[in-house]
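User: I'd like a hand reading this one at my own pace. Could we take one feature at a time, with the general idea before the case?

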Amino acid sequence: GGGAYINATGTLSTTALQTLTLGTTTTGEIKVGTDATARILTIGNETGASSIEIDSGTGAISIGNAIAKTVNIGNATGATLVNIDSGTGGVTIDSTSTGDITLTSGDDTVFNMPDNSTNSIDIQQGTDNYININTTDSSENLTLGNSLTNMTLTLDIGASGNIVFSDFSGCTLKTTGTNLVCGTDNTGSGVNHWEVAGGLLYNGNQTVDLAIGGTATTSAEFA
């Protein structure tokens, strides 16, 4: 058995641990606190292991409306984990107007994806990728820019900054076809044909002669 009741303090409840259901197939809209009065709407509690499920079937779930407001999920003091999972549907954070999308954290901001994944993390405009990160077959690749003819990549270090390529001991920037790469071959296969050591400048490939003023030992001013 069991039943439902509402008391003088405003509690709507069932007895015998029955489910409280608002509305049936013939019920219209269900509205809670829709007037202009400022109030707090609380679902769940702070101490019990409450589970909140919001399901709209094939419809949309909307939080907020056209009025400017702040929507907070979680809190700033408790150890709240906010998990957004769409299964295979995908998660989209979209600002269709002129508003910014800002990710702010007092700790690290981490984008994590499984290693050996066939998918990637892309930052793009429309269908044009600007930053691509993938971990296919444990071979992590970071691509900046794309093959568009009007693509410009700017590294700005300000007045006193540095651009650092770590883990490249003896690295030489050189061209291979249409690419600029950083390699360890300083023997002349790249664009750098010179070495400096002990205050001395000398040609990088020690198996060839150095000619000054000509292209052969017979025509050079010095060889």
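Analyst: Sure, let's begin with exposure: a residue is buried under 20% relative accessible area, exposed over 50% and partly exposed in between, using a 1.4 Å probe and protein chains only. Before the cases, note that this is a predicted model, where local features need pLDDT of at least 70, side-chain atom pairs count only at pLDDT 80 or more, and totals for chains, interfaces and linings use all residues. Residues are numbered from 1 along each chain as its sequence is written, and side-chain values use heavy atoms, with hydrogens and water left out.

User: Is K31 buried or exposed?

Analyst: K31 has a relative accessible area of 57%, so it counts as exposed. E29 is exposed too, with 68%.

User: How many salt bridges are there?

Analyst: The rule asks for a side-chain nitrogen of Lys or Arg within 4 Å of a carboxyl oxygen of Asp or Glu. By that rule there are two salt bridges. In one, the side chains of K31 and E29 meet at 3.5 Å, N to O. In the other, D35 pairs with R39, and their closest N and O atoms are 3.0 Å apart. D35 is partly exposed at 46%, and R39 is partly exposed at 44%.

User: Now strands. What order do they take in the open sheet?

Analyst: First the terms: helices (H or I, at least four residues) and strands (E, at least two) are DSSP runs numbered from the N terminus, and two strands pair if DSSP finds at least two bridges between them. Here three strands make an open sheet in the order β3-β4-β5, with antiparallel pairing. At the edges sit β3 (120-125) and β5 (141-144), each pairing on one side only.

User: Which residues stand opposite each other between β3 and β4?

Analyst: Six bridges hold β3 to β4 (residues 128-134) in the antiparallel sense. Among the pairs, S120 has N134 as its bridge partner, I121 stands opposite I133, and I123 is partnered by I131. As a general idea, side chains in a regular strand alternate between the two faces of the sheet.

User: What joins β3 to β4, and how many bridges link β4 to β5?

Analyst: β3 and β4 form a hairpin with two residues between them, and G126 in the turn has a positive phi of about 65°. On the other side, β4 and β5 run antiparallel and are joined by four bridges. I133 stands opposite L142 in β5.

User: Last one: where is T14, and what does it touch?

Analyst: T14 belongs to strand β2 (residues 12-14). At 18% relative accessible area, T14 is buried. Contact means heavy atoms within 4.5 Å. Not counting residues up to four places away in sequence, T14 touches G3, A4, Y5, T19 and L20. In addition, a polar atom of the T14 side chain lies 2.6 Å from the backbone oxygen of Q18.

Methods:
A polar contact is a pair of N or O atoms within 3.5 Å; within protein, one must be able to donate a hydrogen and the other to accept it, and residues adjacent in sequence count only if both atoms are side-chain atoms.
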